[in-house]
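Student: I've got this model open in the viewer and would like a close look at a single part of it. Could you pick a spot in the interior and walk me through what surrounds it?

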Amino acid sequence: MNGVPEVRPARGVGPRAAPGQPAKVAHVVLSLNVGGLERVVLRLLERTARDRFAPVVCALHEPGALAEELARLDVPLVVLARRPGLDPGLPVRLSAWLRREGIRLVHTHNPGPHLYGALAAGLARAASLPGGGGPRVIHTKHGRNYPKQRRKVLVNRLAAALTDRVVAVSDDARAVALEVERVAPAKVVTILNGVDTDVFRPGDAGAARARLGVPASGYHVGCVARLSPEKDHATLLAAFARLREMRPDAHLSLIGDGPLRPALEQQAARLGLGGAVTFTGTRGDVAELLPAFDVFALASLTEGISLTLIEAAAAGVPIVATRVGGNPEILEEGETGLLVAPGAPETLAAALEAVAVREDRAAMGMRGRARVVERFGVDRMVRAYEDLYAEVLGG
């Protein structure tokens, strides 16, 4: 693509919005492939008040599988070709686009877009006429972002120095921003991820199992997550094999796809799980499938705050998850689910069995839904971002 913007570029009017016109907000991402971060961005785009803010998406790598939703949302998309490795020319190209399109606020997602977006906004401000202002920067810290890798911490620290606000999606992410990356406390804001509790809600388990193509009876364990190393499906499969020794009628559904799928399918075969595990691939009907599960299991090694856990809780499904990142902020231990140490299949299997025998299993799920409705509603999230946009833009 030679660094040339492509796909429906937005039309701008200059460094400041005309009186009465909504402020242009550029969401800078790597792509809109399937993932929790990307779905949060789409919900923001869907619900942001268009009379106040005019969103546009700038992808630094490729459009991604979810980009087709932008047409339905009437949100422009531009793709800038990031060269492999560090691309020192990208901030210059991105800055020129920001100025040409009259972007007033840059909202970055993920460390790479944060660095490039913050540098580009700084260049755009420096190039503005005296008194002309320039784009401000908000970054959402969707995960923990490698707190043990010193070089990446330093890069995040540099980007944060050029940023007006850093949004942490959990108290854990906030602690990393403050204690590891040393972001100024006045810059850090916590906004919890939100889901639509009218879409993700309890439903007919039998219909959901039929839709999923799994047995109508038995103890059904489900997981929705990308099949990648940080989600540690290998530990989940090992735990499920132990669970099957206690509950031969147990079934596991893994919704999602990713680079580890062949290895995980081979592991399931080696463990003799045969037809007891269903790999569904990526599904666009997760909300309709969640009621099929008796328990939702997540074995992640790291998390920011898991959107799939919030969605499962909203659907009234009890949860067993690892005690990492923001997961403990979603669950009430013993009340809505159980937390276990990562990388421990025996402990995970025991927790799955413990949920199976709980007489109040259905009530656990409903308590989890009530917690999501109270703390993790999508409208609450969107209003918080809109208030932050207005604050940073000075009105």
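Tutor: Let's take V320 and the strands around it, then step back to the rest of the chain. Keep in mind that this is a predicted model.

V320 sits in strand β12, which covers residues 319-322. It belongs to the largest nonpolar core, a set of 82 residues, and is one of those with the most contacts inside that core, along with V221, F240, L290, F293 and F296. The element that gives the most to this core is helix α15 (residues 378-392), with seven residues.

So what does V320 touch, once you set aside its neighbours within four places in sequence? There's a run at V295, F296, A297 and L298, then L338 and V340, and then L348, A351, L352 and V355. F296 turns up twice here: V320 is in contact with F296, and F296 is itself among the residues with the most contacts inside the core.

Now look at L338 and V340, which lie in strand β13 (residues 337-340). β12 and β13 run parallel and are joined by four bridges, and A321 has L339 as its bridge partner in β13. In a regular strand, side chains alternate between the two faces of the sheet. You can see that in β13: L338 and V340 point one way, while G337 and L339 point the other. The two residues that V320 contacts in β13, L338 and V340, are thus on one side of that strand. Both faces are covered, though, as all four of these residues are buried.

For contrast, try helix α9 (residues 261-270), whose buried residues are L264, Q267 and A268. These cover an arc of only 100° around the axis, so they fall on the same side of α9. On the other side, A269 and R270 are exposed. The cover over the buried residues includes α8 (233-246) and β10 (277-281). After α9 comes G272, with a positive phi near 70°.

Zooming out, the protein has 15 helices and 13 strands, and 55% of its 395 residues count as buried. Besides the core around V320, there is a second, separate one of 17 residues that includes A26, C58, V106 and V137. Of the contacts between residues at least 6 apart in sequence, 73% join residues at least 24 apart. The C-alpha trace spans about 70 × 40 × 40 Å along its principal axes. The radius of gyration is 22 Å, which agrees with the value near 21 Å for a compact globule of 395 residues.

Technical notes
Residues are numbered from 1 along each chain as its sequence is written. This is a predicted model: local features need pLDDT of at least 70, side-chain atom pairs count only at pLDDT 80 or more; totals for chains, interfaces and linings use all residues. Side-chain values use heavy atoms; hydrogens and water are left out. Buried means under 20% relative accessible area, exposed over 50%, partly exposed in between (1.4 Å probe, protein chains only). Two strands pair if DSSP finds at least two bridges between them. The arc is that of the directions from the helix axis to the C-beta atoms. Contact means heavy atoms within 4.5 Å. The radius of gyration is taken over C-alpha atoms; the globule rule is 2.2 Å times the number of residues to the power 0.38. A nonpolar core is a set of buried Ala, Val, Leu, Ile, Met, Phe, Trp, Tyr and Cys residues joined through side-chain atoms within 4.5 Å.
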